[in-house]
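User: I've got a model open and I'd like to learn how to read it feature by feature. Could you walk me through it?

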Amino acid sequence: QIILAIESSCDETAVAIIKNGREILANVVASQIESHKRFGGVVPEIASRHHVEQITIVLEEAMNQAAITYDDIAAIAVTEGPGLVGALLIGVNAAKALAFAHNIPLVPVHHIAGHIYANRLVKEMTFPLLALVVSGGHTELVYMKGHGSYEVIGETRDDAAGEAYDKVARQLNLPYPGGPHIDRLAHEGNPTIDLPRAWLEKDSFDFSFSGLKSAVINILHNASQRGEEIRPEDLAASFQASVIEVVVTKTKYAAEKYNVKQVLLAGGVAANKGLRAALEKEFEKTDIDLVIPPLYLCTDNAAMIAAAGSIEFEKGKRAGLDLNGIPGLELQ
Ligand code: ATP
Ligand code: MG
Ligand code: FE
């Protein structure tokens, strides 16, 4: 069973082709980061235009890499949402055109389900499991008792983890996206600056990062008013330590409470070296199986959409040619 998938929810134009749900035949990603950098974030209008320019090129490249024809494809999977509406529509319309022209079933996929299913390209899932989703727009703990079944048991009440990384990076005058830069700096510094940990109510699996972000901004502001130096490495290390401590602790508690067999790490912030190491250390001592995808499957790509799409296809999920992009699509 061969699935072709298209992802265009944000600033990556991506097409992938996978076989039997888990084997990658092609995985092409055209990133627009360079075009958005000087604006310090993704500009929706620019993103849409780049998707239009890139989509056919990326599609052709993926078809060439996989060396297949459209007759070989069982389904076209596409990110339906969440994301930027103009960006989503380019992928959705390309998918609809292909499905119509070649008479192939169309399967809509939730972007976050995709991030979670990136793990299935690494290792088979064992249920029940817990997915820790940490990305540019989401921070969630998702309980899954089977394929395609999602129960969000905790989520951020304000900023997403990646968003907090990018905002803190901006304060330190680091380029967009700031996550990888903070990660690198953090390893050169020491967590000597006292920053808050947002535990929220006892037993809550929700997150909050805006207080931490504000604390960082205040420290920088006060230091500059007093003419003091703050070592960016130490601030990055302290910020990262706060994020990791809360995220890892809540994940561990949730995994125990829900008695899961597996914990999956998902989303762009899953590329964070400090987070990966801290999770490995925490779950090493348990008999819970921790899965962490390679970096190229953590940030946005279409292989993960194909992996989730393969499961949805088998479950009989289909979309008609009236499929639309849904910016605020819920995971359910
Ligand atoms: P969503 O998936 O929620 O719709 P998105 O697709 O924009 O949002 P992703 O592409 O999954 O987000 O992740 C991008 C985010 O990951 C950015 O905020 C970026 O800074 C962050 N990120 C990437 N690498 C690292 C890293 N090494 N450490 C911390 N954050 C990182
Ligand atoms: Mg992106
Ligand atoms: Fe994403």
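User: Which residues does UniProt list for the Gcp-like domain?

Analyst: UniProt, in an unreviewed entry, lists residues 23-306 for "domain: Gcp-like". Keep in mind that the model is predicted. In it, the span 23-306 is 48% helix and 17% strand, and its end C-alpha atoms lie 10 Å apart.

User: Which residues does UniProt list for "binding site"?

Analyst: The unreviewed UniProt entry gives H111, H115 and D300. Now check how they sit in space: they span 190 residues in sequence, yet no two of their C-alpha atoms are more than 8.9 Å apart, so they gather at one spot.

User: Where is H111 found, and what does it touch?

Analyst: H111 is found in helix α4, residues 111-117. Not counting residues up to four places away in sequence, H111 touches S9, T79, G81, P82 and G83.

User: Is H111 buried or exposed?

Analyst: Count the neighbours: H111 has 25 C-beta neighbours inside 10 Å, and 20 or more is the cut-off for buried. So H111 counts as buried.

User: And D300, where is that one, and is it buried or exposed?

Analyst: D300 is found in the loop between α10 and α11. With 27 other C-beta atoms within 10 Å, D300 is buried too. Leaving aside its neighbours within four places in sequence, D300 is in contact with E7, C10, E12 and A14.

User: What about A302, where does that fall?

Analyst: A302 is found in the loop between α10 (295-298) and α11 (303-314). A302 counts as buried because it has 34 C-beta neighbours inside 10 Å. Here's a nice one to see on screen: A302 and A14 are 288 residues apart along the chain, and their C-alpha atoms are separated by 5.2 Å. Leaving aside neighbours within four places in sequence, the contacts of A302 are A5, I6, E7, A14, V15, A16 and N27.

User: How do I read the nonpolar core, and which residues touch the most other members?

Analyst: In soluble globular proteins, nonpolar side chains tend to be buried together. Here the largest nonpolar core has 104 residues, and A16 and A306 touch the most other members. Helix α8 (residues 232-257) supplies the largest share of this core, 10 residues. As for A306, it touches I3, A5, A16, I17, I18 and A77, again not counting residues up to four places away in sequence.

User: Next, sheets. In what order do the five strands run?

Analyst: Strands of a sheet pair through backbone hydrogen bonds, either parallel or antiparallel. In this model, five strands form an open sheet in the order β8-β7-β6-β9-β10, with mixed pairing. The edge strands, β8 (151-155) and β10 (289-291), each pair on one side only. On average, neighbouring strands of this sheet are turned by 20° against each other, direction ignored.

User: How many bridges join β6 and β7?

Analyst: Six: strand β6 (residues 129-134) and strand β7 (residues 139-144) pair in the antiparallel sense. To find the register, look for L129, which stands opposite M144 in β7.

User: Last one: how do α5 and α6 cross?

Analyst: Two packed helices are described by the angle between their axes and the distance between the axes. The axes of α5 (residues 161-171) and α6 (residues 179-188) come within 8 Å and cross at roughly 75°. That makes α5 roughly perpendicular to α6. The contact is made by G162, Y165, D166, V168 and A169 of α5 and by G179, H181 and I182 of α6.

How values were computed:
Residues are numbered from 1 along each chain as its sequence is written. Chains are lettered from A and ligands numbered from 1 in the order in which they are written. This is a predicted model: local features need pLDDT of at least 70, side-chain atom pairs count only at pLDDT 80 or more; totals for chains, interfaces and linings use all residues. A nonpolar core is a set of buried Ala, Val, Leu, Ile, Met, Phe, Trp, Tyr and Cys residues joined through C-beta atoms within 7 Å. A residue is buried if 20 or more other C-beta atoms lie within 10 Å of its own, exposed if 12 or fewer, and partly exposed in between; C-beta atoms are placed from the backbone. Helices (H or I, at least four residues) and strands (E, at least two) are DSSP runs, numbered from the N terminus. Two residues are in contact if their C-beta atoms, placed from the backbone, lie within 7 Å. Two strands pair if DSSP finds at least two bridges between them. Axes are lines fitted to C-alpha atoms, for helices over the stretch in contact, and angles run from 0 to 180 degrees between N-to-C directions. UniProt positions are given in the numbering used here, feature names are shortened, and annotations may be inferred rather than shown by experiment. Angles under 35 degrees count as roughly parallel, over 145 as roughly antiparallel, 65 to 115 as roughly perpendicular and the rest as oblique.
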